[in-house]
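Open the model in your viewer and get ready to select residues by number. The tour goes stop by stop.

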Amino acid sequence: MSTSFAAKQDSVEAERAQHLEALTQRLRAVRTQWRDARSRQEGYGAHGFPSRHALSRITDVLGAVLFPIRLGPGELTPESEDVFVRTSLETALPLLAAQIRMELAARDPEGDARAEAERIAWTLGDRLPEIRRLLDTDVEAAYSGDPAATSMDEVLLCYPCVTALIHHRIGHELYAMGAPLVARIIAEIGHSRTGIDIHPGARIGESFFIDHGTGVVIGQTAIIGDRVRLYQAVTLGARSFREDEEGNLVNEPRHPIIEDDVTIYAGATVLGRVIIGKGSVIGGNVWLTKSVPAGSRVRQVKANVDIVECRDPCD
């Protein structure tokens, strides 16, 4: 390498280093301006903030704990899966507690965040057998409800509804136990992976099946009974939002209640605190804002189709 070329390279690297340092300082200035304007200098930053990356890895480990042979390492066998499960729990639950602790410490700096976070994480561990039981009913519902499914293993590995429900059933437990931010991050990880958006506050019964799944939205206060089936692009949303005297939105029940054995077909939108009675069928593309009794059949008005006669020859 010639002396002149080496000098030129050194000059380019020095200029680049200066540019990166200046860019770093500009980004710091923007962050500081945003935080100062919103009085967020302390907030979560003083205690750390739950990490989406860390929670993604933790949720994957918990999924493998629930289904070791199918979602765990490829070399697992029935003889070795108990060792894997125990080792994974020993690692994942303390890591989860650390993420929960950051949420709790920011919300209540004076509280014993560490002890409460450990309680929540280990209580979730105790709930894992029940979560597995519920997920088994979901897998069975998908398998029995879809003639394209060749096995329950295929459903577990390939169907986005199962992936979404693993995230939801874990997140819902954390939400109910007092870690709503961590739960919401887990829910959004599931959303980004599947296109199925389920708020962790939603209550979902056994044997739940979302066929195809893309575009489904289930709001925070929705309640779904047993053996319910949804198709793609179904929305269980809020019709309106009430404000308090200061103009803040009130977080109150505002999403549908779907009773047992209901089927809602693709593109249907159900809004507000309405009740869809047991055994009802809601047709595709229906817009529904009123309760319907058990056994209802709700369909959209037939489309008016104008047949235009084409000239000869017809294209």
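Start by selecting Leu249. In this predicted model, Leu249 lies in the loop between strand 7 and strand 8. Is Leu249 buried or exposed? Its relative accessible area is 58%, so Leu249 is exposed, the cut-off being over 50%.

Keep Leu249 selected and add Pro73. These two residues are 176 residues apart along the chain. Draw a distance between their C-alpha atoms: the separation is 46 Å.

Return to the loop and select Asp244. This residue also has its place between strand 7 (235–237) and strand 8 (257–258). Asp244 has 35% relative accessibility, so it counts as partly exposed, a class that runs between 20% and 50%.

Now widen the selection around Asp244. Which residues gather with Asp244 in a patch of negative charge? They are Glu243, Glu245 and Glu246, and the patch is on the surface.

Next stop: the sheet. Switch to a cartoon view. Strands of a sheet pair through backbone hydrogen bonds, either parallel or antiparallel. Here, five strands form an open sheet, and the pairing is parallel. Follow the order across: 3-6-9-12-14. Which strands are at the edges? Select 209–211 for strand 3 and 297–298 for strand 14; each of these edge strands pairs on one side only.

Move inside the order to strand 9 and strand 12. Select residues 263–264 and residues 281–282. Two bridges join these strands, which run parallel. For the last stop, pick Ile264 and look across to strand 12: Ile282 stands opposite.

Technical notes
Residues numbered from 1 in each chain as written. Predicted model: local features only at pLDDT ≥ 70, side-chain atom pairs only at ≥ 80, totals over all residues. Heavy atoms only, no water. Pairing = 2+ DSSP bridges. Helix = DSSP H or I, 4+ residues; strand = E, 2+ residues; numbered from the N terminus. Patch = residues over 30% accessible without salt bridge, like charges linked within 9 Å, V, L, I, M, F, W, Y side chains within 5 Å. Areas by Shrake-Rupley, 256 points an atom, 1.4 Å probe, with all protein chains shown as cover. Salt bridge = Lys/Arg side-chain N within 4 Å of Asp/Glu carboxyl O. Lys, Arg positive; Asp, Glu negative; His and termini not counted. Charge placed at Lys NZ, Arg CZ, Asp CG, Glu CD. Buried < 20%, exposed > 50% of the residue type's maximum accessible area, 1.4 Å probe, protein only.
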